[in-house]
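User: Please take a close look at the main sheet of this chain. I should like to know how its strands are ordered and what packs on them.

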Amino acid sequence: MQELKLDLEVPLHPRQSEATCDSTPTPTVSSSKCSTVSTNFAEPFAVIGNAALYHGDCLEWLAERAPQSIHGVVTDPPYGLVEYSPAQQAKLRSGRGGVWRRPPSFDGHQRSPLPRFTTLTTADLDQLNCFFRRWAARLMPVLVPGAHVVVASNPLVSHLVAGAVCEAGFERRGEIVRLVMTMRGGDRPKNAHDEFPDVTVMPRSGWEPWLLFRKPLEGRVQDNLRKWGAGGLRRRSPERPFADVIQSAPTKPAEKRLAPHPSLKPQAFLREMVRAILPLGEGTVLDPFAGSGSTLAAAEFVGYRSIGVEHDLDYADMAVDAIKRLRDYRLPASSPASTSGSVSK
Ligand SMILES: C[S@@+](CC[C@H](N)C(=O)[O-])C[C@H]1O[C@@H](n2cnc3c(N)ncnc32)[C@H](O)[C@@H]1O
């Protein structure tokens with residue numbers, strides 16, 4: 001197997017050429033809080049244990065990253081892109097208007113805001129496809145052959161994301177089904193509830209797709225594992241393969257208090273995913289849309305090296321403490337994830 005260097009020492013690489021998207025404009029971000037240009041990536045924004053967090057745009061970061069220096073990706077990108085634009089974030093933070101909707105309270109509890117994906121226009125969907133094609137094209141060279149990439153998605157847009165990533169040359173390796181009851185769907189015809197009491201407009205969702213891809217191998221799986229430490233997924237134990245359905249639950253309020261990001265994913269699930277992404281337990285995991293740093297926290301828990309990139313300064317700031325707090329978070333005994341309480345390191 002190739003010697004694995006500590007990633008912080010891997011030199012940055014000059015920008016490489018990439019497959020360009022057609023004439024569809026890519027969403028641009030202009031805000032003092034979100035940097036898309038000329039960020040100095042020579043130094044991380046923060047280093048927490050074996051996790052390095054960069055502040056900036058991941059497309060820029062990927063363009064500068066040394067080739068073949070990342071062994072797996074676990075990430076939760078903005079599903080619709082627009083919801084994490086500065087304009088929509090300002091609306092979310094002011095609590096007024098925009099793509100974020102605050103669901104009605106339930107059982108006396110105020111629920112977290114959710115992005116309204118059904119409002120995406122055809123132009124938004126074109127932008128989404130274009131963005132992921134560019135993103136995947138830039139991701140490809142920085143990965144070692146056989147590296148797996150897991151992308152959190154949503155049943156409404158997952159086909160666009162999967163198509164775009166495959167167009168960049170990745171192999172589709174199925175989906176991980178996160179069994180979780182979200183509050184999406186299950187609704188009744190608007191302003192006609194009484195007239196159509198037996199109608200559900202969209203199924204109440206009970207799962208979340210995490211799309212799974214692999215960079216093509218060099219030779220056979222065994223050759224690739226020896227040379228690059230990638231090509232497969234880590235088994236849960238010698239007897240138990242990694243499986244593609246994971247029982248989960250919405251992120252617990254206690255966890256949200258440690259990392260108040262609107263899209264925080266639970267450690268119980270992330271620890272399982274992150275552990276699985278490095279088949280030999282060696283290498284570096286990347287989260288290019290790091291948010292609160294929850295993937296990096298899971299990597300810290302499992303004992304892997306990790307890198308995150310986050311373009312919103314408020315979230316990057318939040319991540320510095322959140323990574324430590326989430327790493328040390330003890331899962332409740334009632335956690336439904338099958339092996340979450342005992343994810344081995
Ligand atoms: C869905 S959230 C991820 C939340 C994360 N799963 C967590 O548990 O905290 C997506 C994140 O990606 C960030 N983001 C969006 N576009 C980005 C870009 N081009 N480069 C880097 N970060 C980006 C957003 O600011 C947001 O924090």
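The reply below describes the sheet and then its packing.

Analyst: This is a predicted model, in which local features need pLDDT of at least 70 and side-chain atom pairs count only at pLDDT 80 or more, while totals for chains, interfaces and linings use all residues. Residues are numbered from 1 along each chain as its sequence is written.

The chain holds 9 helices and 11 strands (DSSP runs numbered from the N terminus: H or I of at least four residues for helices, E of at least two for strands). Nine of these strands form an open sheet in the order 1-2-11-10-3-6-8-7-9, with mixed pairing; two strands pair if DSSP finds at least two bridges between them. Strand 1 (46-48) and strand 9 (245-247) are at the edges with a single partner strand each, so one side of each has no neighbour in the sheet. On average, neighbouring strands are turned by 20° against each other, direction ignored.

At one of these edges, strand 7 (residues 171-179) runs parallel to strand 9 and is joined to it by 3 bridges. Here V177 stands opposite V245 of strand 9.

Helix 7 (residues 267-277) packs on the sheet, touching strand 3, strand 6, strand 7, strand 8 (207-214), strand 9 and strand 10 (284-287). The direction of helix 7 makes about 160° with that of strand 3. Helix 3 lies across strand 3 (70-75) and strand 6 (143-152), at about 140° to strand 6. Contact requires C-beta atoms, placed from the backbone, within 7 Å; axes are lines fitted to C-alpha atoms, for helices over the stretch in contact, and angles run from 0 to 180 degrees between N-to-C directions.

Methods. Contact = placed C-beta atoms within 7 Å.
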